[in-house]
Each structure stands twice: as structure tokens, then as C-alpha cells.
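Got your viewer open? Let's take a walk through this model, one selection at a time.

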Amino acid sequence: MRLGIDIGGTKIVAGLVTPEGTVRRRAYAPTPAAQGPRAVVRTVVRLARELGLDGVTCAGVGTAGVVDPDGREIAGATDTIRDWAGTPLAASLEAELGLPVRVRNDVHAFLAGELARSSWRTALGVTVGTGIGGALALDGDVVTGVRGAAGHVGHVPVAEAAGLACTCGAYGHVEAVACGPAMTAAFTALQAAGGGRPSPGDRPAGGGGQGLRLVLERARAGDADAAGVLARGGRALGSALAGVVNVWDPDVVIVGGGVLAAGELYLGPLRAALAAGVLPVLADVPVRTARLGDDAVLVGAAAAAGAACLAPMKPAAGRQAGHATGDRRTGMTWRWSGRIRPVRASRSESDRREGRA
């Protein structure tokens with residue numbers, strides 16, 4: 001048995017996963033994002049112990065942010081979880097759980113989980129929720145890239161997002177027009193203005209879940225502004241994905257995340273824009289919706305951990321100094337890690353018995 005962990009900005013899920021990819025038990029808790037890495041590690045450890053670790057051989061984690069290719073630390077992240085960039089997550093959890101731990105980006109884990117019991121081998125995965133994440137698989141293996149950042153399709157420039165601020169600090173990326181908060185902000189702007197396109201420089205608003213549900217309700221009730229915002233987001237993402245499909249030549253494009261609730265209001269324009277932008281030889285690449293739901297990250301993370309247990313993992317090289325990148329125009333900052341020590345969630349039972357700090 002393997003332990004799978006999904007660390008999101010608002011929720012942490014842990015599950016016991018069989019080697020065949022079946023999730024047997026699950027435990028949930030809110031993410032203590034404002035409290036930082038120690039609190040997150042404590043929460044993960046508590047959930048793992050609630051599930052029970054008898055017979056568990058390894059643990060896999062899927063988390064937002066850029067994870068170093070060795071699966072050891074968070075190489076870069078936004079401030080959704082305070083001070084998350086630089087967290088040596090694998091070492092921190094190994095110190096608490098006594099298990100080998102492998103960490104991977106949550107969308108990388110999502111795609112691995114979706115492919116685990118399918119015939120598809122080369123794929124493009126994308127999740128759309130409060131942001132847009134992506135992943136690429138080649139011959140059954142999810143590709144991390146040299147720096148762990150492969151597949152960030154949310155940061156592909158598109159014409160529909162021209163002049164709009166992205167959460168990464170740049171302008172014109174598809175995430176700025178096609179994710180939940182961006183579409184919510186666009187609809188709000190249209191309502192306030194009585195119609196028309198949001199002005200350049202408008203930032204995606206936070207709280208995309210509830211806001212997007214309202215947009216969906218209005219669109220289903222016949223509101224043209226709401227339907228138009230969803231269609232524009234779908235078209236923009238379809239255009240971005242078309243470029244990636246032209247480069248990658250996948251078996252399939254798999255779409256997941258909260259945007260699936262919009263159904264064809266979003267996916268129809270996405271498919272149409274994708275079909276219009278790909279080479280003729282790629283016209284038959286299908287777009288499929290995710291099958292595993294929330295379990296995909298658990299299954300993919302656990303599978304990566306199981307594979308890593310079969311071969312020794314390389315020690316993380318570590319960077320000599322941390323740094324941050326951002327844009328004063330948006331106030332959002334991506335932080336990049338330096339060399340830091342493991343975060344201990346609390347003193348272990350053996351430490352308490354032996355009187356160590």
C-alpha cells in the first residue's frame with residue numbers, strides 16, 4: 001500500500017492507494033495556508049496517521065508550485081501557501097512519517113493518475129480552476145523538464161488575454177482570461193459597465209469557486225454576458241492548447257478541474273478553437289474530461305512514489321541562494337528556493353522519549 005497526498009491551496013487530501021491505483025481510504029482537512037510550511041506538514045502527518053500506516057511502503061505528494069525534478073523540494077510557488085517556495089517537503093515528511101517520500105507538481109500527478117489505467121501513452125493534461133495548470137506525458141511518463149516546470153500551459157500567451165495581468169506577474173497569458181477568477185472578474189466588469197470587454201490591466205479576482213458558480217448559473221439562465229465570458233475563456237484556452245498539440249502530437253488532451261462544471265459552455269468553444277488551430281494531421285486528437293476526479297492526484301502521486309522506491313533517489317542539489325520574481329504592476333510574487341533544512345512538524349515520539357529537542 002502507498003500513501004497519496006494532495007496539497008491544495010484550500011484543502012489537503014490523503015489516501016491509501018493500492019499499487020494498482022485504487023484509493024481505499026481518504027482523509028481531508030483544510031489547508032492552513034496562512035500558517036506556512038510547518039502547519040501544512042503537521043496537517044499532512046495528522047491525516048496520514050488517521051489513515052494508519054501499517055503496510056504502507058512509501059508516500060507520494062502532489063502539490064501546487066514548481067517541484068524540483070528530483071521530487072524533493074518546492075522550487076517555486078506563488079504566495080497561496082505562505083513561504084511555500086523552498087520548502088524541503090520530501091525530507092520534512094520523511095522525518096515525520098519514517099517513509100520514503102516523492103513530491104511532484106499536482107497537475108503532473110493528475111496526468112499520471114489519469115493515464116495509470118488507460119491505453120493512452122503520450123498526452124497533454126490541463127486543469128482549470130483558480131488557475132490553469134498543465135502537464136505533458138511521453139510514452140507513459142510525465143515529463144518534468146530541466147527545472148521541473150514542464151507543462152505550464154496557463155502561461156502561454158494568447159490574443160484574448162492581451163493587456164490582462166496574469167498571476168505570475170506577466171501580461172497576456174491564457175490564465176488571465178480562462179481560469180475561474182479571471183472569468184468571474186470579466187463577468188463582474190461587464191455587469192458594472194453594462195457590457196463590453198474588460199479594460200486592459202484588470203486583474204483576475206480571487207475566490208474563483210463561488211464566483212464562477214454564479215457565472216454558470218447566469219449563463220444557464222440565458223445571460224449573454226455570462227455565456228460570452230465562458231465561451232471566450234474556452235476559446236482562449238483552446239487556442240493555447242492548439243499550439244502545444246502542434247508541438248507535442250499527443251494521443252489525447254485531458255481536461256480536469258472545477259471548470260468541468262461549465263460543460264459545453266466552456267468545452268465546446270475550447271474544442272472548436274483547438275480544432276481550428278492544429279495541423280490537419282492532428283485534427284483527430286480527442287479532448288476528454290478527467291475520469292478520476294479528485295483521486296487523480298492521489299493515484300499519480302502514489303505511483304511516482306512507488307516507482308521511486310524501486311531505485312535510489314538522487315539527493316537534491318539545492319540552490320545556493322533563494323530569490324523572488326514578480327511584477328509591481330500586479331503585486332503577485334513567485335518565490336524561488338534556496339538551500340534550506342527540513343521543516344520538522346513537531347518532535348517525534350523517539351525524540352520525546354530520548355529528551356532531544
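## Stop 1: a helix across a sheet

Start by selecting helix 9 (residues 295-309), which lies across strand 1, strand 2, strand 3, strand 4 and strand 7 and runs at about 130 degrees to strand 1. Contact here means heavy atoms within 4.5 Å. Axes are lines fitted to C-alpha atoms, for helices over the stretch in contact, and angles run from 0 to 180 degrees between N-to-C directions. Helices (H or I, at least four residues) and strands (E, at least two) are DSSP runs, numbered from the N terminus.

Before moving on, note that this is a predicted model: local features need pLDDT of at least 70, side-chain atom pairs count only at pLDDT 80 or more, and totals for chains, interfaces and linings use all residues. Residues are numbered from 1 along each chain as its sequence is written, and side-chain values use heavy atoms, with hydrogens and water left out.

## Stop 2: the sheet underneath

Now show the strands in the order 3-2-1-4-7: these 5 strands form an open sheet with mixed pairing. Strand 3 (23-30) and strand 7 stand at the edges with a single partner strand each, so one side of each has no neighbour in the sheet. On average, neighbouring strands of this sheet are turned by 15 degrees against each other, direction ignored. Two strands count as paired if DSSP finds at least two bridges between them.

Add helix 1 (37-51). Helix 1 lies across strand 1, strand 2 (11-17) and strand 3, at about 145 degrees to strand 3.

## Stop 3: zoom in on strand 4

Select residues 58-63, which make up strand 4; 6 of its 6 residues are buried. Buried means under 20% relative accessible area, exposed over 50%, and partly exposed in between (1.4 Å probe, protein chains only). Which residues point which way? C58, G60 and G62 point one way, while A59, V61 and T63 point the other. In a regular strand the side chains alternate between the two faces of the sheet.

Next, look to either partner of strand 4. Strand 1 (residues 2-7) pairs with strand 4 in the parallel sense over 6 bridges, and strand 7 (residues 101-105) runs parallel to strand 4, joined by 5 bridges. Click on A59: it is the bridge partner of L3, and its bridge partner in strand 7 is V101. G60 stands opposite G4.

## Stop 4: helix 2

Select residues 89-97, helix 2, and colour its buried residues: L89, A90, S92, L93, E96 and L97. Look down the axis of helix 2: these residues fall within an arc of 165 degrees, so they line one face of the helix. (The arc is that of the directions from the helix axis to the C-beta atoms.) Their cover includes strand 1, helix 1, strand 4, strand 6 (74-77) and strand 7. Just after helix 2, find G98, with a positive phi of about 70 degrees.

## Stop 5: a second sheet

Hop over to another open sheet of 5 strands, in the order 10-9-8-11-12, again with mixed pairing. Its edge strands are strand 10 (141-142) and strand 12 (287-289), each pairing on one side only. Strand 8 (residues 123-128) and strand 9 (residues 132-138) pair in the antiparallel sense over 6 bridges, and V126 has G134 as its bridge partner in strand 9. Helix 3 (residues 106-115) packs on this sheet, touching strand 8, strand 9, strand 10 and strand 11 (252-256).

## Last stop: two crossing helices

Select helix 5 (residues 180-193) and helix 7 (residues 224-248), whose axes come within 9 Å and cross at roughly 145 degrees. Among the residues making the contact are M183 and F187 of helix 5 and V229 and L230 of helix 7.
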